[in-house]
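Visitor: I have a model open and would like to learn how to read it. Could we go through it feature by feature?

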Amino acid sequence: MKVLALTKRTTLQIFVRVPSLLELLTSDEMRRAEQLAIESGTPSLVLMENSGRGVAEEVVRRFPRGSKVVVLCGPGNNGGDGFVTARTLRERGYQVRLALFGSQDQLTRDAKEMARRWDESIEPMSLQCLNGAQIIVDAIYGAGLRDAVEGVPAQMIEEITNRNLPVVAVDIPSGVDATRGDIRGPAFKAVSTVTFFRRKIGHVLFPGRLYCGDVRAVDIGIHPSVLADVAPRTFSNDPDFWLRYFPKLKIDGHKYDRGHVSVVSGPMESTGAARLAARAALRSGAGLVSLATSKAAFYINAAQLTAIMVAAYDTPATLPDVLAVRRVNAALAGPGAGISQETREIVSALLSTDVACVIDAEGLTAFEEEPETLFGQIRGRPSPVVLTPHEGEFARLFPMIDPSLSKLERAREAAELSGAVIVLKGPDTVIVAPDGLAAISENGVPWLATAGSGDVLAGLVVGLLGQGMAAFDAAAAAVWIHNEIAHAFGPGMISEDMPELLPGILQRLDKRGKLYQGV
């Protein structure tokens, strides 16, 4: 069997292939985008006018005309957007009060001009301005937040939260870090957030995502071409990000074109996890799947499997020979493996080959006392490695990484340190390549937190790797598919249900990306 090519993306391909609105920007990247728009001839006041009007349209869409709206403005450009929102809502028939944190002399140049165009009273921000309020527009800090919210803004947030008043946030709720998703002091929990040009990372990462409500990115006059200069490295994990690279079946193809995947079984008392992973790999489209098993667990596994082949090995040191004989091109170790010297030897044996590898579960934790041994085996090998830790496994394997960093920052450090693609699992699973390219999952559901679910995910990753998909794209696609399976089943799902729902998800992808050629 030939070893399938493992395609590699380039930075240029990212910007050619990614459709609008998948990019997730940092605060600095957004400022750069605005500056480029200004330099190309779009006045900053036009950007601010468009921003404020976009927020006003969201209020109009959600709340009836005549409602009493209080617009809370800060001294920065976010406050300037708030002045425009207030003026536009007044024109649309809403009863508007505007309260400012600080003095008008402290306003930025553009915000000062928008304050001049607001020809009604500007109240000092205080609890009294909330009297009679039905709707709050939060234009205090937005993406410009630097420190924890305190003082009068903190009091306003706490009081508005206690009154359960609906909040529409300008750019991002005050108190949420737009780049990290952290919560800095008290923060608004908005029913809706209107952001500009592109969403920010803090809209998607937890816990910030819990505070944003429905997020809409509105066009304010920045041309998408500025993204080539901004060069964002973080994206929403959507099929449009990776579907063109998804394995496509040809009518004249055969199983040997679709890769041979091997999953290493745990000892005889814990074989189920590997079988779950193997079935997911087979369902993903891999042409052949084998379960590599110790002789002690051979008959247990053989009795449970049909389409999946069973291959016995004598010792971990003989695993490379087993893979070579069967021409395996992608392998998975870790599910149900146990934390032992033998598990470390199994992982090391796989990494000594040139097959693409996925290391999951105990395959990771087995190296918690010597993580550099694992990283040293990964760095520089010709074929890619994907590591799939949850937060607990991540902390054990990467104790050298500052836990106060954001999830994305930690995953990026881990990918660079290890040389592997990192899948840091959770409700906002982050997938990061060693070069820093990242995707953040948005379609997770709580009932995925069930025994064996992670084994299915690992199986999906190795199944797509075996079919020749690049490691980063394979990981991103597997995470999205894994989540969509859970959506399709609903509450009550267990891991055994998951592989059987995969065909329906692949059929949906086929309608979007024509996965089956020549039929």
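Visitor: Let's start with helix packing. At roughly what angle do the axes of helix α13 and helix α15 cross?

Guide: Before the angle, a caution: this is a predicted model. Helix α13 covers residues 341-351 and helix α15 covers residues 371-378. Their axes cross at roughly 15° and come within 9 Å. Angles under 35 degrees count as roughly parallel, so α13 is roughly parallel to α15. The crossing of α13 past α15 is left-handed.

Visitor: Which residues make the contact?

Guide: From α13, Val347, Ser348 and Leu351. From α15, Leu374, Gln377 and Ile378.

Visitor: Now another pair. How far apart are the axes of helix α3 and helix α4, and at what angle do they pack?

Guide: The axes of α3 (residues 44-62) and α4 (residues 77-91) are 7 Å apart, and the angle is about 55°. That angle makes α3 oblique to α4. Their crossing is right-handed. On the α3 side, the residues in contact include Met48, Ser51, Gly52, Val55, Ala56 and Val59. On the α4 side, they include Gly80, Val84, Thr85, Thr88 and Leu89. Charged side chains take part too: Glu49 and Arg53 of α3 are on the list, along with Asp81, Arg87 and Glu91 of α4.

Visitor: And how do α10 and α18 cross, left-handed or right-handed?

Guide: Right-handed. Helix α10 runs over residues 272-283 and helix α18 over residues 453-466. Their axes come within 7 Å and cross at roughly 40°. The two are therefore oblique to each other. From α10 come Ala273, Leu276, Ala277, Ala280 and Ala281. They meet Asp455, Val456, Gly459, Leu460, Val462 and Gly463 in α18.

Visitor: Next, aromatic rings. What describes a pair?

Guide: Two values: the distance of the centres and the angle of the planes. By the rule used here, the count comes to 7 aromatic pairs. Take Phe241 and Phe472: the centres are 5.9 Å apart and the planes stand at 85°, so the pair is edge-to-face.

Visitor: Which helices hold these two rings?

Guide: Phe241 lies in α9 (residues 239-242), and Phe472 lies in α19 (residues 471-489). The pair therefore ties together parts that are 231 residues apart in sequence. Phe241 counts as buried, at 0% relative accessibility. Phe472 is buried too, at 2%. Ring pairs also link Phe235, Phe241 and Phe472 into a cluster.

Visitor: What about Phe298 and Tyr299, buried or exposed?

Guide: Phe298 is partly exposed, at 23% relative accessibility. Tyr299 is exposed, at 65%. The two rings form an edge-to-face pair, with centres 5.2 Å apart and planes at 85°.

Visitor: Charges can sit over rings as well. Which residue lies over the face of Tyr211?

Guide: Lys189, at 5.1 Å from the ring centre. Arg198 lies over the face of Phe197, at 4.5 Å from the ring centre.

Visitor: How do I read a single residue's surroundings? Where is Ser236, and what is it in contact with?

Guide: Look at the element, then the accessibility, then the contacts. Ser236 is in strand β8 (residues 234-236). Its relative accessible area is 6%, so Ser236 is buried. Leave aside neighbours within four places in sequence, and Ser236 is in contact with Leu22, Leu24, Arg199, Phe241, Ile440 and Glu442. Phe241 is also part of the ring cluster with Phe235 and Phe472.

Visitor: Last topic, the backbone. What is the usual case for phi and for peptide bonds?

Guide: Most residues other than glycine have a negative phi, and most peptide bonds are trans. Now the exceptions here. The peptide bond from Phe206 to Pro207 is cis, with omega near 5°. Pro207 is in the loop between β6 (192-196) and α7 (209-212).

Visitor: Which residues have a positive phi although they are not glycines?

Guide: Asn164 is one of them, with a phi of about 60°. It lies in the loop between α6 (151-163) and β5 (167-170). Asn164 counts as exposed, at 66% relative accessibility. Arg327 also has a positive phi, about 55°. Arg327 is in the loop between α12 (319-325) and β13 (330-333).

Technical notes: Residues are numbered from 1 along each chain as its sequence is written. This is a predicted model: local features need pLDDT of at least 70, side-chain atom pairs count only at pLDDT 80 or more; totals for chains, interfaces and linings use all residues. Side-chain values use heavy atoms; hydrogens and water are left out. Rings of Phe, Tyr and Trp (its six-membered ring) pair if their centres lie within 6.5 Å; planes under 30 degrees apart count as stacked, over 60 as edge-to-face and the rest as tilted. Helices (H or I, at least four residues) and strands (E, at least two) are DSSP runs, numbered from the N terminus. Buried means under 20% relative accessible area, exposed over 50%, partly exposed in between (1.4 Å probe, protein chains only). A charge sits over a ring if NZ of Lys or CZ of Arg is within 6 Å of the ring centre and within 35 degrees of the ring normal. Axes are lines fitted to C-alpha atoms, for helices over the stretch in contact, and angles run from 0 to 180 degrees between N-to-C directions. Angles under 35 degrees count as roughly parallel, over 145 as roughly antiparallel, 65 to 115 as roughly perpendicular and the rest as oblique. A crossing is left-handed if the near helix is turned anticlockwise from the far one by less than a right angle, and right-handed if clockwise. Contact means heavy atoms within 4.5 Å.
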